[in-house]
Amino acid sequence: MKSNYCSLLWLLLAAAAAVGCRNAKAYEKPLTPVRVQAVQPYTPDAESSGARYSATIRPAQQLELAFKHGGYLQELLQVRGADGRLRAVQEGDWIRRGTVLARLRAADFTVKVNGAQAQLNEAQAARDTSQAQLAETEAALRQAQRDLERATNLFEADSLTRPEFDAAKTKTELAQAKVGAARAQTQVVAAKINSARAVIGEAQLAQGDAVLRAPLDALVLRRNFEEGSLGAPGAPRLPLAEAGAVKAVFAVPDLTVTNLKLGVELALTCEALANEELPKGELRGRITRIGATADARTRVFEVEVTIARPPAALRAGMIATLVVPETNAPASAPRLVVPLSAIVRAQTESYAVLVVAHEQGKQMVRRRAVKLGAAFGNLIEIVEGLQAGEQVVSNGATVVSEGEPVQITE
C-alpha cells in the first residue's frame with residue numbers, strides 16, 4: 001500500500017514539472033525582429049567627389065491667411081479657368097500682391113459700426129447739453145459772487161442785517177456746488193465720447209479685417225472654405241507660398257555638416273524638370289541655413305539651399321538631388337561602409353555597431369566599437385572595427401541590447 005502511494009506521488013510531481021516546463025516555454029520572450037546588412041566596400045563617384053542627398057522643395061516663405069473675426073463668407077475672388085469661365089480661386093492659382101481674395105458678409109460689421117456711431121452721436125448730444133448747463137451755472141455763480149461782495153460791503157457799513165448777509169453767502173455756496181456738479185457731468189460725458197470713439201475704431205477695424213488681401217505675389221496652396229460657410233476667427237483659410245525663391249531642404253550627418261558653410265553654392269538636379277529648357281533638370285542654389293542641433297531621433301542636421309530664380313515648373317513637394325562636397329581621402333579609394341542607421345552611440349565621443357553572430361543555434365547581437373570616416377549619402381565609412389562581409393543591424397539597432405537573441409527579417 002505504501003509503495004503504491006509513493007508511486008502515485010512521484011507521478012503527480014513529474015506531471016507538475018512537465019506542466020511547469022510547458023508554461024515556462026509558453027511565456028518565453030519573443031525574439032526582437034531586426035534587419036541586417038553586410039559590411040561592404042564602396043567606391044565613391046570620382047566625378048562627383050561628394051555624397052548625394054535627396055532634398056524636398058519647399059516655398060521660401062509660406063503664409064496662413066485668416067480672418068481675425070468670425071463670420072459668413074460672402075465673396076471669393078473669381079478667376080478665369082482653363083475653360084474660359086469664371087470660377088472661385090483655388091489651389092495652384094497665382095495671385096498678385098494686394099488682390100482681394102475673400103470677403104465676409106459686410107452687413108454684420110456695418111451694424112456694429114452704425115451702433116457705435118449712434119452711441120457717439122448720443123454722447124455728443126449729451127456733451128452739448130452739459131456744456132450749456134455748465135455755462136448757465138457759471139453765470140449764476142458769477143452773479144452770486146457779485147451779490148455777496150455787495151452784501152459784504154453793506155454788512156460792514158451796518159446797512160444790511162445778518163440774515164440778509166447769510167442768505168447771500170449761502171446763495172454763492174450753492175452756485176459753486178452747482179458749477180462743480182456741472183463740470184463733473186461734463187467730464188463724464190467726455191469719457192463717454194472717448195469710449196464711443198474707441199468702439200467705432202474697433203468696429204471699423206473689424207470691418208477692414210473682414211477682407212483678405214494678398215500681402216505679396218504668391219501661389220495659392222489650398223482653399224479651406226466655400227462661399228456661404230461660417231468660419232471661426234483665426235482659422236487658416238488660404239495658405240500662400242511666396243512667388244519667386246524656393247528652398248531645397250535635406251539632412252546630413254554630423255561628419256558632413258562640419259564641411260558645410262553658409263553661402264556655398266551647390267548644384268541640384270530635379271528629374272521632373274528635364275525638358276528642352278533644362279535638359280538635365282539642373283539648378284543652382286546657395287546654402288542659407290544649417291541646423292544648429294541634430295534631430296533627436298535620426299541624429300542628422302537639416303540644411304536649406306535657396307534657389308533664387310527657379311523655373312515656373314518647380315513646385316513645392318518635388319524632389320531634387322544634390323551633391324555635397326567631401327574634404328576627405330581621394331574618391332577613388334574603396335571604403336568599407338554601413339548604413340547610417342546602423343551607428344549607435346557607445347560613449348560621449350565614440351560610436352559602435354551591433355554585429356549579428358551565430359552562437360549556440362541563435363542569432364545574437366554583439367556591440368562593437370568602431371571608428372567612423374567619411375559619409376556618402378545614407379552610408380558611412382568604417383575606418384576601424386569591422387571586416388567586409390560581417391552582418392550589422394541596420395534597422396532596430398536602438399531597441400536591442402548586447403547579447404540579446406534576435407530574429408532577422410527581410
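## Close-up views of a predicted model

Of the 410 residues in this chain, 34% count as buried. What you're looking at throughout is a predicted model, not an experimental structure.

**View 1. The whole chain, before we zoom in.** DSSP runs give 4 helices and 25 strands here. Take the contacts between residues at least 6 apart in sequence: 74% of them join residues at least 24 apart. As for the outside, the accessible surface of the chain adds up to about 25,000 Å², and carbon and sulfur atoms account for 52% of that area.

**View 2. A four-stranded open sheet, in the order 10-9-5-12.** Pairing in this sheet is antiparallel. At the edges sit strand 10 (211-213) and strand 12 (230-231), each of them paired on one side only. Now pick out strand 5 (residues 71-76) and strand 9 (residues 100-104): 3 bridges hold this antiparallel pair. Which residue of strand 9 stands opposite Glu75? That would be Arg103.

**View 3. Another open sheet of 4 strands, this one ordered 4-13-11-8.** The pairing is antiparallel here too. Strand 4 (62-66) and strand 8 (94-95) are the edge strands, with a pairing partner on one side only. Strand 4 runs antiparallel to strand 13 (residues 236-242), and the two share 5 bridges. For a landmark in this view, find Glu64, which has Pro239 of strand 13 opposite.

**View 4. A tilted aromatic pair, Tyr53 with Phe250.** Searching the whole structure turns up 2 aromatic pairs, and this is one of them. The ring centres of Tyr53 and Phe250 are 5.9 Å apart. How are the two rings arranged, stacked or tilted? Their planes meet at 40°, so the pair counts as tilted; a stacked pair would need planes under 30 degrees apart. Tyr53 belongs to strand 3 (residues 50-59) and Phe250 to strand 14 (residues 246-252), so the pair ties together parts of the chain that are 197 residues apart in sequence. Both Tyr53 and Phe250 are buried.

**View 5. A stacked aromatic pair, Phe155 with Phe165.** Here the rings are 4.9 Å apart centre to centre, with 20° between the planes. Phe155 comes from helix 2 (residues 106-156) and Phe165 from helix 3 (residues 162-209), so this pair links parts that are 10 residues apart in sequence. Buried or partly exposed: which is Phe155? With 23% relative accessibility, Phe155 counts as partly exposed. Phe165 comes in at 14%, so Phe165 counts as buried. The cut-off between those two classes is 20%.

**View 6. Ser130 in helix 2 and its contacts.** Ser130 is found in helix 2. Its relative accessible area is 3%, so Ser130 counts as buried. Set aside the neighbours within four places in sequence, and what does Ser130 touch? The contacts are Gln185, Thr186 and Val189.

**View 7. Strand 17, with strands 14 and 16 as partners.** Strand 17 (residues 301-307) is mostly covered, as 5 of its 7 residues are buried. Strand 14 pairs with strand 17 in the antiparallel sense, over 7 bridges. Within that pairing, Val249 has Glu304 of strand 17 as its bridge partner. Strand 16 (residues 282-290) also runs antiparallel to strand 17, joined by 4 bridges. To find your way around that pairing, look for Ile287, bridged to Val305 of strand 17.

**View 8. Val355 and the residues around it.** Val355 sits in strand 21 (residues 350-359). At 5% relative accessibility, this residue counts as buried. Leave out its neighbours within four places in sequence, and Val355 is in contact with Met364, Val365, Arg366, Arg368, Leu386, Glu390, Gln391 and Val392. Try the Glu390 contact for a sequence-versus-space check: Val355 and Glu390 are 35 residues apart in sequence, yet their C-alpha atoms are 7.2 Å apart in space.

**View 9. The largest pocket.** Its volume is about 410 Å³. The lining is made up of 21 residues. Which of them are closest to the pocket centre? Those are Thr298, Arg299, Leu340, Ser341 and Ile343. Two elements each give two or more residues to the lining: helix 4 (254-257) and strand 24 (391-395).

Note on methods
Residues numbered from 1 in each chain as written. Predicted model: local features only at pLDDT ≥ 70, side-chain atom pairs only at ≥ 80, totals over all residues. Heavy atoms only, no water. Pairing = 2+ DSSP bridges. Phe/Tyr/Trp six-rings, centres within 6.5 Å; stacked < 30°, edge-to-face > 60°. Buried < 20%, exposed > 50% of the residue type's maximum accessible area, 1.4 Å probe, protein only. Contact = heavy atoms within 4.5 Å. Areas by Shrake-Rupley, 256 points an atom, 1.4 Å probe, with all protein chains shown as cover. 1 Å grid on protein atoms, 1.4 Å probe; cavity = no way out; pocket = protein on both sides within 12 Å on 5 of 7 lines; lining within 4 Å. Points joined across faces, edges and corners; volume = space filled by probe spheres on them.
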